[in-house]
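Student: I'd like to learn how to read a protein model feature by feature. Could you walk me through one?

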Amino acid sequence: MIDQKICCVEAFLIDEYDVCVDFDEGGTDEYWFDPDDPEDNGLISINSGNPPLTQLIVLLHEAGHVLYRKKNNKTPSQVDRTTIDGKMEVMHEEMMAWYEGWNLSNELRLNIDKELWQENYCSSLLKYIKWVLNESEEN
């Protein structure tokens, strides 16, 4: 059942945005693109060594990045991750990617457990909050 949900998200990404998904044990669980090429649709890399449910949640989150950028006409750009402004920009996109991923799961009727989603959402965002705070404490 989870494999079908993963295939559904993968098909959506290819059909709607021409974004491919690569499942590999060395996958980085990230959305990759060439920031110097606005025509590059990118690639989502998923660690296939993770349990299928984890893969699905990560895939939905990474799809959320795609959706957020397309809806807001955001072209890939370099963000200075060493500044507070840059880190806050990254943090904002991460939050929006979780939001868009959840909406996509509902649109595709994947029936993701809300508590499980929130657990992953909170755990991920907490890491980014700590990352931002570490920078602000140094300044």
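Tutor: We will go through strands, core, aromatic rings, a pocket and some backbone angles. Keep in mind that this is a predicted model.

Student: Let's begin with the strands. Which strands does β3 pair with, and how do they run?

Tutor: Look at the bridges and at the direction of each partner. Strand β1 (residues 20–24) is joined to β3 by five bridges, and the two run parallel. Strand β2 (residues 30–32) has three bridges to β3, and that pair is antiparallel. To find the register, pick one bridge on each side: C20 is partnered with L43 in β3, while E30 is partnered with S45 in β3.

Student: Is β3 largely enclosed or open to the outside?

Tutor: Here accessibility helps. β3 spans residues 43–47, and four of these five residues are buried, so the strand is largely enclosed by the rest of the structure. N47 is a good residue to inspect, as it sits in strand β3. Its relative accessible area is 18%, and the cut-off for buried is under 20%, so N47 counts as buried.

Student: What does N47 touch?

Tutor: Leaving out residues up to four places away in sequence, N47 touches D24, E25, G27, D29 and Q55. Among these contacts, D29 belongs to the loop between β1 and β2. We will come back to D29 for its backbone.

Student: Next, the core. How many residues does the largest nonpolar core have, and which have the most contacts inside it?

Tutor: The largest nonpolar core has 27 residues, and V9, L13, I44, L59, L60 and L104 are those with the most contacts inside it. Two or more residues come from each of α1 (2–17), β3, α2 (52–71), α3 (84–107) and α4 (114–138). Helix α2 gives the most to this core, with eight residues.

Student: What would I see around L60?

Tutor: With residues up to four places away in sequence set aside, L60 touches V9, G101, L104, S105, L110, I112 and W117. Two of the names in that list, V9 and L104, also appear with L60 among the core residues with the most contacts.

Student: How is a pair of aromatic rings described?

Tutor: Two quantities do the job: the distance of the centres and the angle of the planes. In this model, a search of the whole structure finds six aromatic pairs. Take W98 and Y121: the ring centres are 6.0 Å apart and the planes meet at 85 degrees, so this pair is edge-to-face. The pair links distant parts of the chain, with W98 in helix α3 and Y121 in helix α4, 23 residues apart.

Student: Are W98 and Y121 buried or exposed?

Tutor: W98 has a relative accessible area of 4% and is buried, whereas Y121, at 27%, is partly exposed. Both rings also belong to one aromatic cluster, formed by W98, W102, W117 and Y121.

Student: What about Y128 and W131?

Tutor: Y128 and W131 are an edge-to-face pair too, at 6.0 Å centre to centre and 85 degrees between the planes. Both lie in helix α4, three residues apart, about one turn of the helix. Y128 is partly exposed, with a relative accessible area of 23%, and W131 is partly exposed with 24%.

Student: How does one find empty space in a model?

Tutor: Rolling a probe the size of a water molecule over the atoms shows where empty space is left. The largest pocket here holds about 990 Å³ of space. It is lined by 30 residues, of which E30, H65, R81, E94 and Y128 are the closest to its centre. The elements giving two or more residues to the lining are β2, α2, α3 and α4. Helix α2 gives the most to this lining, with seven residues.

Student: Last, the backbone. Which loop residues have a positive phi without being glycine?

Tutor: Check the phi value together with the residue type. D29 is one, with a positive phi of about 55 degrees. D29 is partly exposed, with a relative accessible area of 23%. R109 is another, with phi near 55 degrees. R109 lies in the loop between α3 and α4 and counts as exposed at 71% relative accessibility.

Key. Residues are numbered from 1 along each chain as its sequence is written. This is a predicted model: local features need pLDDT of at least 70, side-chain atom pairs count only at pLDDT 80 or more; totals for chains, interfaces and linings use all residues. Side-chain values use heavy atoms; hydrogens and water are left out. Buried means under 20% relative accessible area, exposed over 50%, partly exposed in between (1.4 Å probe, protein chains only). Helices (H or I, at least four residues) and strands (E, at least two) are DSSP runs, numbered from the N terminus. Two strands pair if DSSP finds at least two bridges between them. A nonpolar core is a set of buried Ala, Val, Leu, Ile, Met, Phe, Trp, Tyr and Cys residues joined through side-chain atoms within 4.5 Å. Contact means heavy atoms within 4.5 Å. Rings of Phe, Tyr and Trp (its six-membered ring) pair if their centres lie within 6.5 Å; planes under 30 degrees apart count as stacked, over 60 as edge-to-face and the rest as tilted. On a 1 Å grid over the protein atoms alone, a cavity is a set of points where a 1.4 Å probe fits but cannot get out, and a pocket is an open set with protein on both sides within 12 Å along at least five of seven lines; lining residues have an atom within 4 Å of a point. Grid points are joined across faces, edges and corners, and a volume is the space filled by probe spheres set on the points.
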